[in-house]
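The questions below go through a protein model and the ligand placed in it. Each answer closes on the item asked for.

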Amino acid sequence: MKIDVLTLFPEMFVGPLDFSMVKRARDSGILNLRVVNLRDYTHDRHKTVDDKPFGGGPGMLLKPEPIFEAVENLANATTRVIMLTPTGRKFDQQLARELAQQEHLLFLCGAYEGFDERVRTLVQDEVSIGDYVLTNGALPAMVVIDAVTRLLPGVLGDDQSSQDESFSHGTLEYSHYTRPAEFRGMRVPDVLLSGNHAEIEKWRREQAKLRTEERRPDLLE
Ligand code: ADE
């Protein structure tokens, strides 16, 4: 998969996407990630990307010209262009799975008070990572890229692990234990030590359901 990111802060992407599974995906060629500076698409001496809102009001807006030029350069017919904005569709595992099917994603990261409204005509999706406002779209883009990358075929060691995890069956995941079987007086449930796989499956399904009812009843509705 190819992912391009358009941002005013390319340096923010150094680090978070250079470790762990995202690094492995990039090193192995499963993910081809390119971070592009929006200022590269300006033509004035000051590399201006923002301007005052018509009608007045606080703050500055991202002006349309550099973004249009960048998208026209970076996107083609197969590209899904995604704007990161707190007013977008709430990001979840379902959307991560949907995006993982795409050939090419182009993320537009907001900054200042946001985008000139006309930029919306360029995008297929507007995505929010939650009901809070961040200083710019770089962290949201990294969150989405991380969640999508681990779903790409060949990135997780064991393909089963992305099928059994939280949200995959509409519930939270069951609890896990590793050795030792007893630690500081806390024992691993006997059923997990029993070797009875049918019973273990049943216990895990029940655990997942109980935990979801207790912590996230909204998921069961
Ligand atoms: N930009 C600022 N806040 C954001 C959020 N919560 N989600 C996506 N983009 C954003």
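Q: Which residues surround the ligand?
A: The model is a predicted one. A residue counts as near the ligand if one of its heavy atoms lies within 4 Å of it. On that basis the ligand is surrounded by Leu-84, Thr-85, Pro-86, Val-127, Ser-128, Ile-129, Gly-130, Tyr-132, Val-133, Leu-134 and Pro-140.

Q: How many nonpolar, polar and charged residues does the shell around the ligand have, by class?
A: The shell includes residues such as Leu-84, Val-127 and Pro-140, along with Thr-85 and Ser-128. Sorted by class, it has no charged residues, three polar and eight nonpolar.

Q: Which backbone atom lies 2.8 Å from a nitrogen atom of the ligand?
A: A polar contact here is a pair of N or O atoms within 3.5 Å. For Thr-85, a polar backbone atom is 3.2 Å from a ligand nitrogen. For Ile-129, a backbone N or O atom lies 3.0 Å from a nitrogen atom of the ligand. The distance of 2.8 Å belongs to a polar backbone atom of Tyr-132.

Q: What percentage of the area that the ligand exposes when taken alone does the protein bury?
A: Taken alone, the ligand exposes 260 Å². Of that area, the protein buries 97%.

Q: Where does the ligand sit, and which element gives the most to the shell around it?
A: The ligand sits in the largest pocket. Two elements, β5 (79-90) and β7 (125-128), give two or more residues to the shell around the ligand. The element that gives the most, with three residues, is β5.

Q: How far apart do the C-alpha centres of domain 1 and domain 2 lie?
A: The domain assignment of the protein chain gives domain 1 as 2-149 and domain 2 as 164-220. Their C-alpha centres lie apart by 37 Å.

Q: Which peptide bond is cis, with omega near 5°?
A: The bond leads into Pro-180, a residue found in the loop between α4 (138-149) and β8 (182-183). With omega near 5°, the cis peptide bond is the one from Arg-179 to Pro-180.

Q: What is phi of Tyr-112 near, and in which loop is Tyr-112 found?
A: Phi of Tyr-112 has a positive value, in a residue other than glycine, and is near 55°. Tyr-112 is found in the loop between β6 (104-109) and β7.

Terms used
Residues are numbered from 1 along each chain as its sequence is written. This is a predicted model: local features need pLDDT of at least 70, side-chain atom pairs count only at pLDDT 80 or more; totals for chains, interfaces and linings use all residues. Side-chain values use heavy atoms; hydrogens and water are left out. A polar contact is a pair of N or O atoms within 3.5 Å; within protein, one must be able to donate a hydrogen and the other to accept it, and residues adjacent in sequence count only if both atoms are side-chain atoms. Accessible areas come from the Shrake-Rupley method with a 1.4 Å probe; for residues, only the protein chains shown count as cover. On a 1 Å grid over the protein atoms alone, a cavity is a set of points where a 1.4 Å probe fits but cannot get out, and a pocket is an open set with protein on both sides within 12 Å along at least five of seven lines; lining residues have an atom within 4 Å of a point. A molecule sits in a cavity or pocket if more than half of its atoms lie within 2 Å of its grid points. Helices (H or I, at least four residues) and strands (E, at least two) are DSSP runs, numbered from the N terminus. Ala, Val, Leu, Ile, Met, Phe, Trp, Tyr, Cys and Pro count as nonpolar, Asp, Glu, Lys and Arg as charged, and the others, Gly among them, as polar. Domain bounds come from an automatic or database domain assignment.
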